[in-house]
Amino acid sequence: MHRSKTALNLLQRLRTVSSGSSLIRQIHVLSVSQSVHSRLLCSGRSAYGVQMRDFSTEKDTARVEELTENEKKLTLELEELRKESAELTEKVKTLDDKYKRALAESENIRRRLTKQIDDAKLFGIQGFCKDLLEVADILGHATEAVPKDEISDKNPHLKNLFEGLSMTRQQLNSVFKRHGLEAVNPMNEKFNPNLHEALFQQEVENVEPNTVVVVSKIGYKLHDRCIRPALVGVTKG
């Protein structure tokens with residue numbers, strides 16, 4: 001009985017030792033396999049000997065290349081936009097210059113047309129006035145030709161005729177003045193080539209040179225525009 005118990009104890013110890021050595025052996029195998037796996041990972045191979053690829057690095061490289069291509073495209077587009085902007089700026093300057101020139105030209109045309117319209121209003125009767133000047137000259141000659149000493153109550157017909165001619169002449173002169181037509185009688189005035197026409201020169205004592213001393217025909221001006229110069233004689237210089 002004592003021997004059987006001793007045998008059982010020995011058997012249990014043997015089992016314990018055998019199980020412990022088996023556990024140690026498994027741990028050793030696991031450690032060896034992990035070491036091999038880590039070496040394979042470092043060398044870029046899997047446990048099956050297949051080459052492993054670093055996908056993250058390839059993606060980054062592709063992304064960088066894509067960004068570089070996009071930058072090149074954007075740079076080209078930006079350069080084209082700059083050229084287009086410069087061309088448009090030049091066109092705007094040209095069109096602005098043409099627009100300003102057109103405005104200035106239209107303003108000049110408007111001023112010229114306005115002046116022509118005003119002149120037409122003022123001088124539209126110039127031809128008609130020139131025709132009436134001959135009538136005024138005839139009336140002037142008629143009134144001046146009547147002898148003043150014969151104008152009396154003893155000669156009523158001549159007196160009435162003279163008064164009628166004088167009144168007609170005054171009325172015609174008032175009409176001329178109302179429409180801007182004025183007589184130019186430059187007696188004893190300085191000679192003005194814009195209003196006077198010299199027919200002859202003569203020497204006169206105590207009179208300054210180029211002074212009008214004879215008026216052969218009265219001149220007329222319409223709103224400061226000479227429509228008929230006065231025919232005069234002037235002193236010698």
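Let us begin with one pair of residues: in this predicted model, leucine 222 stands opposite arginine 225 of strand β5. That pair belongs to a junction of two strands, for β4, residues 219-222, runs antiparallel to β5 and is joined to β5 by three bridges.

I turn now to the sheet as a whole. Three strands form an open sheet in the order β1-β4-β5, and their pairing is antiparallel. At the edges are β1, residues 181-184, and β5, residues 225-228, each of which pairs on one side only. From one strand to the next, the twist averages 35°.

What packs on this sheet? Helix α3, residues 126-145, does so, and α3 touches β1, β4 and β5. The direction of α3 makes about 50° with that of β5.

Next, the nonpolar residues. In soluble globular proteins, nonpolar side chains tend to be buried together. In the present model, the largest nonpolar core has 12 residues in all. Among them are Phe123, Cys129, Leu133, Ala136 and Leu139, together with Leu165, Leu172 and Phe176. Leu181, Tyr220 and Ile227 also belong to this core, as does Leu222, the residue with which I began, opposite arginine 225.

Which elements give two or more residues to this core? They are α3, α4, which spans 156-178, and β4. Of these, α3 gives the most, with four residues. Thus the helix that packs on the sheet is also the element that gives the most to the largest core.

Finally, another core lies apart from this one. This other core has six residues, including Leu195, Val212, Val232 and Val234.

Notes: Residues are numbered from 1 along each chain as its sequence is written. This is a predicted model: local features need pLDDT of at least 70, side-chain atom pairs count only at pLDDT 80 or more; totals for chains, interfaces and linings use all residues. Side-chain values use heavy atoms; hydrogens and water are left out. Two strands pair if DSSP finds at least two bridges between them. Axes are lines fitted to C-alpha atoms, for helices over the stretch in contact, and angles run from 0 to 180 degrees between N-to-C directions. Contact means heavy atoms within 4.5 Å. A nonpolar core is a set of buried Ala, Val, Leu, Ile, Met, Phe, Trp, Tyr and Cys residues joined through side-chain atoms within 4.5 Å. Buried means under 20% relative accessible area, exposed over 50%, partly exposed in between (1.4 Å probe, protein chains only).
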